[in-house]
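Visitor: I am new to reading protein models, and I would like a close look at a single part. Could you take me slowly through one helix and its partners, and then through what lies beyond them?

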Amino acid sequence: MNNKICDMLGIEFPLLAFSHCRDVVAAVSRAGGMGIFGGVNCSPETLEEELSWIDDHVDGKPYGLDIIVPNKVEGKGEQPDHDAVLASIPGELKQFTNDIMQSHGVDTGRIAEDIEDVRREQVAFTDNLRGGTADAILDVAFRHPIGLVANALGVPPPVMLEMGRKHNVPVAALVGAKEHAMSQVAAGVDIIVAVGGEAGGHTGEISTLVLIPEICNALAAIGDETPVLAAGGIATGTQMAATMAMGASGAWCGSVWLTTAEAETNPVVKEKMLSASSRDTVRARSRTGKPSRQLRSPWTDAWEAEDAPSALPMPLQSLVAEPPLRVIDKLSQGDNQGAKDLATYWVGQGVGLMNEQMTAGQVVQGFKEDFITAYERLATNLGE
Ligand SMILES: Cc1cc2nc3c(=O)[nH]c(=O)nc-3n(C[C@H](O)[C@H](O)[C@H](O)COP(=O)(O)O)c2cc1C
């Protein structure tokens with residue numbers, strides 16, 4: 001395909017795949033799209049390992065990296081003492097998560113230590129979310145042949161924009177509202193990823209169908225030619241074509257890769273996703289402190305109940321929710337029915353269209369075929 005994003009990124013088909021799983025990233029790049037590795041939970045050392053693995057498995061094709069440095073976050077730029085951060089998590093919130101598990105037959109006494117172990121491990125990643133580790137992470141990233149670097153939840157930190165320019169690597173930013181897109185182009189980002197409210201993970205409230213033309217029109221009105229990638233609810237090539245008909249230069253998808261053969265998604269959750277409908281997700285603060293869309297389960301229902309406590313701000317809520325959810329994930333893969341019921345993960349409304357397990361390469365191929373179908377359908381409508 002011959003378009004702005006393909007030229008800018010050196011790819012064949014303008015489909016970008018966000019994934020925390022390196023196998024998905026490499027498979028999509030090899031299939032002609034572009035895999036984007038989600039590095040939010042990486043230390044500089046683990047990022048080095050992951051990117052080296054991708055380098056060895058991508059057949060020289062372009063891939064990218066995504067990190068999260070939010071504009072608004074508790075203690076931005078700080079690297080506080082981890083013991084003090086752990087001590088600041090209110091006991092009543094830990095008790096609330098224990099109560100959810102206990103009411104589903106999960107023996108929390110037996111897993112209390114496991115949960116605390118994960119909590120101690122996770123606290124290091126709150127430094128990433130405060131932006132305190134961005135320099136070290138980007139130092140590692142730019143030693144690899146990355147073809148794009150992206151930031152979520154705000155204007156990229158200046159070091160990302162500077163290093164992108166220095167290494168001639170486009171910098172992308174995820175946005176959920178027109179106003180945010182305007183701030184991003186003013187800051188100098190090269191690609192806008194417009195994420196509609198249908199999306200899995202952190203997301204705003206405006207639907208993709210409205211957000212894409214809103215942002216494309218606003219950029220056109222100021223004569224700005226920054227390409228826009230459409231995201232949120234896109235699981236097929238026909239949807240991708242529709243967003244490109246509205247002015248997007250390609251698509252950025254996250255959810256659709258979660259049920260691929262390569263994805264490391266908990267198999268129990270994978271099965272739930274394959275049978276879920278588009279109504280089975282919820283957008284809630286309860287996992288990270290900022291609104292993110294997740295697969296509905298009794299866990300998310302409990303947090304949505306009227307008497308549920310309020311979530312802590314990012315990055316502290318992750319330390320409340322993530323440790324028990326990681327342990328639930330592990331238990332669910334044994335014979336613990338309560339854990340199977342509670343297990344959940346981020347996914348968008350496109351889950352209703354994800355009904356069959358395929359390889360990531362087959363998904364890319366399916367997108368290409370569907371894209372042509374959409375084009376032909378429109379041409380037929382025009383009587384061509
Ligand atoms: C499991 C999962 C984890 C995600 N984690 C991140 C992340 O770490 N950084 C980020 O920029 N976006 C993240 N996202 C959001 C994606 O980048 C993208 O905006 C979203 O998946 C697009 O909508 P879709 O899920 O409907 O395809 C995540 C999405 C999912 C489904």
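Guide: What follows starts from helix α6 and its two partners, and then turns to another helix pair, the ligand and two features of the backbone. Please keep in mind throughout that this is a predicted model.

Helix α6 covers residues 108-129, and its axis comes within 8 Å of the axis of helix α14, which covers residues 316-332. The two axes cross at roughly 130 degrees; an angle over 115 degrees but not over 145 falls outside the parallel, antiparallel and perpendicular ranges, and α6 and α14 are therefore oblique to each other. Their crossing is right-handed. On the α6 side, the residues that meet α14 are Ile 111, Asp 114, Ile 115, Val 118, Arg 119, Gln 122, Val 123 and Thr 126. Facing them from α14 are Leu 319, Val 320, Glu 322, Pro 323, Pro 324, Arg 326, Val 327 and Leu 331. Sorted by class, the residues of this contact between α6 and α14 comprise 10 nonpolar, two polar and four charged.

The other partner is helix α5, made of residues 91-102, whose axis comes within 12 Å of that of α6 and crosses it at roughly 135 degrees. Helices α5 and α6 are therefore oblique to each other, and this crossing is right-handed. From α5 the contact draws on Lys 94, Asn 98, Met 101 and Gln 102, while α6 supplies Thr 108, Ile 111, Ile 115, Glu 116 and Arg 119. The residues of the contact of α5 with α6 divide into three nonpolar, three polar and three charged. If you look back at α6, you will find that Ile 111, Ile 115 and Arg 119 take part in the contact with α14 and also in the contact with α5.

A helix pair with another arrangement is α7, residues 134-141, and α8, residues 158-167, which pack at an angle of about 20 degrees with their axes 10 Å apart. An angle under 35 degrees counts as roughly parallel, and α7 and α8 are therefore roughly parallel to each other. Here Asp 135, Leu 138 and Asp 139 of α7 meet Val 159, Met 160 and Met 163 of α8, and by class this contact of α7 with α8 has four nonpolar, no polar and two charged residues.

Next comes the ligand, which has 20 residues around it, and of these Asp 66, Gly 233, Trp 252, Gly 254 and Ser 255 come nearest. A polar side-chain atom of Asp 66 lies 2.7 Å from an oxygen atom of the ligand, and for Trp 252 the corresponding distance to a ligand oxygen atom is 3.0 Å. In the side chain of Ser 255, an N or O atom is 2.5 Å from an oxygen atom of the ligand.

Finally, there is the backbone. Most residues other than glycine have a negative phi, and most peptide bonds are trans. Against that background, the peptide bond from Met 314 to Pro 315 is cis, with omega near 5 degrees, and Pro 315 is found in the loop between α13 and α14. Asp 59, in the loop between α3 and β3, has a positive phi near 55 degrees although Asp 59 is not a glycine.

Methods:
Residues are numbered from 1 along each chain as its sequence is written. This is a predicted model: local features need pLDDT of at least 70, side-chain atom pairs count only at pLDDT 80 or more; totals for chains, interfaces and linings use all residues. Side-chain values use heavy atoms; hydrogens and water are left out. Axes are lines fitted to C-alpha atoms, for helices over the stretch in contact, and angles run from 0 to 180 degrees between N-to-C directions. Helices (H or I, at least four residues) and strands (E, at least two) are DSSP runs, numbered from the N terminus. Angles under 35 degrees count as roughly parallel, over 145 as roughly antiparallel, 65 to 115 as roughly perpendicular and the rest as oblique. A crossing is left-handed if the near helix is turned anticlockwise from the far one by less than a right angle, and right-handed if clockwise. Contact means heavy atoms within 4.5 Å. Ala, Val, Leu, Ile, Met, Phe, Trp, Tyr, Cys and Pro count as nonpolar, Asp, Glu, Lys and Arg as charged, and the others, Gly among them, as polar. A residue is near a molecule or strand if one of its heavy atoms lies within 4 Å of it. A polar contact is a pair of N or O atoms within 3.5 Å; within protein, one must be able to donate a hydrogen and the other to accept it, and residues adjacent in sequence count only if both atoms are side-chain atoms.
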